[in-house]
Amino acid sequence: MDLIFTKSSLKSRKRGQWKPLLNKCGVYAFTDSNKILYIGRSGNLYRRLISHYSQGGICHAFDWDKIGVIFCEDHRRVEKELIDEYQPTYNGKLTSKFYY
């Protein structure tokens, strides 16, 4: 992972402070006690993670403690490989309320 954020570190900083770090494409994973719960990808990680925090976003669908981020141009391939390898609990299981 290129970056790891804890839930408390994300809450303690203003949203805009993360933009320079996350205004890139890549893959992210929500974890709880080192178990991967959900893997996603985006052409703009900052916008995607902010949307997950919005009302009804997946951040509210399950209990998690960290988000790991991998910066990569080929984020579709990397996401698929990681999902195939780790089979996260919530990929494909979230209701439409939480899934985009």
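Reader: In this predicted model, which residue stands opposite Ile4?

Author: Ile4 has Gly68 across from it, and Gly68 belongs to S4.

Reader: What makes S1 and S4 a pair?

Author: Two strands pair if DSSP finds at least two bridges between them. Four bridges join S1 to S4 (residues 66-71), so the pair qualifies. The two strands run antiparallel.

Reader: And where do they sit in the sheet, going by the strand order?

Author: The order is S1-S4-S2-S3, in an open sheet of four strands with antiparallel pairing.

Reader: Why are S1 and S3 called edge strands?

Author: Pairing takes at least two bridges to a partner. S1 (3-6) and S3 each pair on one side only, so they are the edge strands. As for twist, neighbouring strands here are turned by 20° against each other on average, ignoring direction.

Reader: How do you know that H3 packs on this sheet, and which strands are touched?

Author: Contact means heavy atoms within 4.5 Å. H3 touches S2 (26-32), S3 and S4, so contact is there with each of those strands. The direction of H3 makes about 35° with that of S2. Helix H4 (residues 75-86) also packs on the sheet, touching S2, S3 and S4, and its direction makes about 165° with that of S3.

Reader: Now Asn44: where is it, and why is it called buried?

Author: Asn44 lies in the loop between S3 (35-42) and H3 (45-53). Its relative accessible area is 10%, and buried means under 20%, so Asn44 counts as buried.

Reader: What is Asn44 in contact with, leaving aside neighbours within four places in sequence?

Author: Leu22, Asn23, Lys24 and Cys25 are the contacts of Asn44 on those terms.

Notes
Residues numbered from 1 in each chain as written. Predicted model: local features only at pLDDT ≥ 70, side-chain atom pairs only at ≥ 80, totals over all residues. Heavy atoms only, no water. Buried < 20%, exposed > 50% of the residue type's maximum accessible area, 1.4 Å probe, protein only. Axes fitted to C-alpha atoms, helices over the stretch in contact; angles between N-to-C directions.
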